[in-house]
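Subject: Structure handover

Hello,

Here is the structure we discussed. Please load it first, then read the notes below.

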Amino acid sequence: MTNKANAFKTLDTFADSRVKLIQGMKDAGYTTVEECKPIVIEWACDKTGAEYRENKAKTKIMLVTSHPNYEGAKTTVRDIMHMIEGTKRV
């Protein structure tokens with residue numbers, strides 16, 4: 001297989017994974033971007049060892065900015081949310 005064919009295969013896999021991510025979130029009951037973000041934050045904290053908190057009204061989940069793993073979790077959340085939203089880093 002040529003380098004170009006390998007690259008195309010990789011790009012096809014990546015594109016398909018975005019579709020699977022969005023469909024999987026919908027299937028799990030998270031049908032809007034707003035519904036996805038809190039669970040993505042919790043997942044990212046679980047994966048990176050960072051910490052999140054709910055605000056006092058328990059209406060919003062936020063990363064704890066003072067945690068040593070904050071930056072890693074923030075990047076993870078941002079990247080996943082970009083995939084869900086269909087946007088890119090600027």
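**Helix 1 and what follows**

Helix 1 has 25 residues, and its first and last C-alpha atoms are 36 Å apart, close to the 36 Å expected at 1.5 Å a residue. Bear in mind that this is a predicted model. Just after helix 1 comes Gly-29, with a positive phi of about 100°.

**Helix 2 and its cysteines**

Helix 2 covers residues 33-48. It has 16 residues and reaches 22 Å from first C-alpha to last, close to the 22 Å expected at 1.5 Å a residue. Its buried residues are Cys-36, Val-40, Ile-41, Ala-44 and Cys-45. What covers them includes helix 1 (3-27), strand 1 (52-54), strand 2 (61-63) and helix 3.

Two cysteines sit on that buried list. How many disulfides does a search of the whole structure find? Zero. Cys-36 is in no disulfide, and the nearest cysteine sulfur, that of Cys-45, is 16 Å away. A disulfide needs the two sulfur atoms within 2.5 Å. At 16 Å from the sulfur of Cys-36, its closest cysteine sulfur, the sulfur of Cys-45 is therefore too far away for a bond.

Are these cysteines buried or exposed? Cys-36 has a relative accessible area of 2%, so it counts as buried. Cys-45 is also buried, because its relative accessible area is 5%.

**After helix 2: Gly-49 and His-67**

Gly-49 follows helix 2, and its phi is positive, near 80°. The backbone oxygen of Gly-49 also lies 3.3 Å from a polar atom of the His-67 side chain. Where is His-67 found? In the loop between strand 2 and helix 3. Not counting residues up to four places away in sequence, His-67 touches Gly-49, Ala-50 and Glu-51.

**The loop between the strands**

Lys-58 lies in the loop between strand 1 and strand 2. Its phi is near 55°, a positive value in a residue other than glycine. Most residues other than glycine have a negative phi. You may want to look at this one on screen. Lys-58 counts as exposed, because its relative accessibility is 61%.

**Helix 3**

Helix 3 runs over residues 70-85. It has 16 residues and reaches 22 Å from its first C-alpha to its last, close to the 22 Å expected at 1.5 Å a residue. Its buried residues are Tyr-70, Ala-73, Val-77, Ile-80, Met-81, His-82, Met-83 and Ile-84. Helix 1, helix 2 and strand 2 are among the elements that cover them. Just after helix 3, Gly-86 takes a positive phi of about 75°.

**How helix 1 meets helix 3**

Two packed helices are described by the angle between their axes and the distance between the axes. What are those values for helix 1 and helix 3? The angle is about 85°, and the axes are 9 Å apart. Helix 1 is therefore roughly perpendicular to helix 3.

Which residues meet there? From helix 1 they are Phe-14, Ser-17, Arg-18, Leu-21, Ile-22 and Met-25. From helix 3 they are Ile-80, Met-83, Ile-84 and Glu-85.

Two residues of helix 3 deserve a closer look.

- **Ile-80.** It lies in helix 3. Its relative accessible area is 18%, and buried means under 20%, so Ile-80 counts as buried. Ile-80 touches Leu-21, Val-40 and Trp-43, not counting residues up to four places away in sequence. Val-40 is also one of the buried residues of helix 2. Ile-80 and Ala-15 are 65 residues apart in sequence, and their C-alpha atoms are 13 Å apart in space.
- **Met-83.** It is placed in helix 3 too. Its relative accessibility is 19%, so Met-83 counts as buried. Leaving aside neighbours within four places in sequence, Met-83 is in contact with Phe-14, Ser-17, Arg-18, Leu-21 and Ile-22. Met-83 and Ala-57 are 26 residues apart along the chain, and 29 Å separates their C-alpha atoms.

Leu-21 appears in the contacts of Ile-80 and in those of Met-83.

Best wishes

Definitions and conventions: Residues are numbered from 1 along each chain as its sequence is written. This is a predicted model: local features need pLDDT of at least 70, side-chain atom pairs count only at pLDDT 80 or more; totals for chains, interfaces and linings use all residues. Side-chain values use heavy atoms; hydrogens and water are left out. Helices (H or I, at least four residues) and strands (E, at least two) are DSSP runs, numbered from the N terminus. Buried means under 20% relative accessible area, exposed over 50%, partly exposed in between (1.4 Å probe, protein chains only). Contact means heavy atoms within 4.5 Å. The expected span of a helix is 1.5 Å times one less than its number of residues. A polar contact is a pair of N or O atoms within 3.5 Å; within protein, one must be able to donate a hydrogen and the other to accept it, and residues adjacent in sequence count only if both atoms are side-chain atoms. Axes are lines fitted to C-alpha atoms, for helices over the stretch in contact, and angles run from 0 to 180 degrees between N-to-C directions. Angles under 35 degrees count as roughly parallel, over 145 as roughly antiparallel, 65 to 115 as roughly perpendicular and the rest as oblique.
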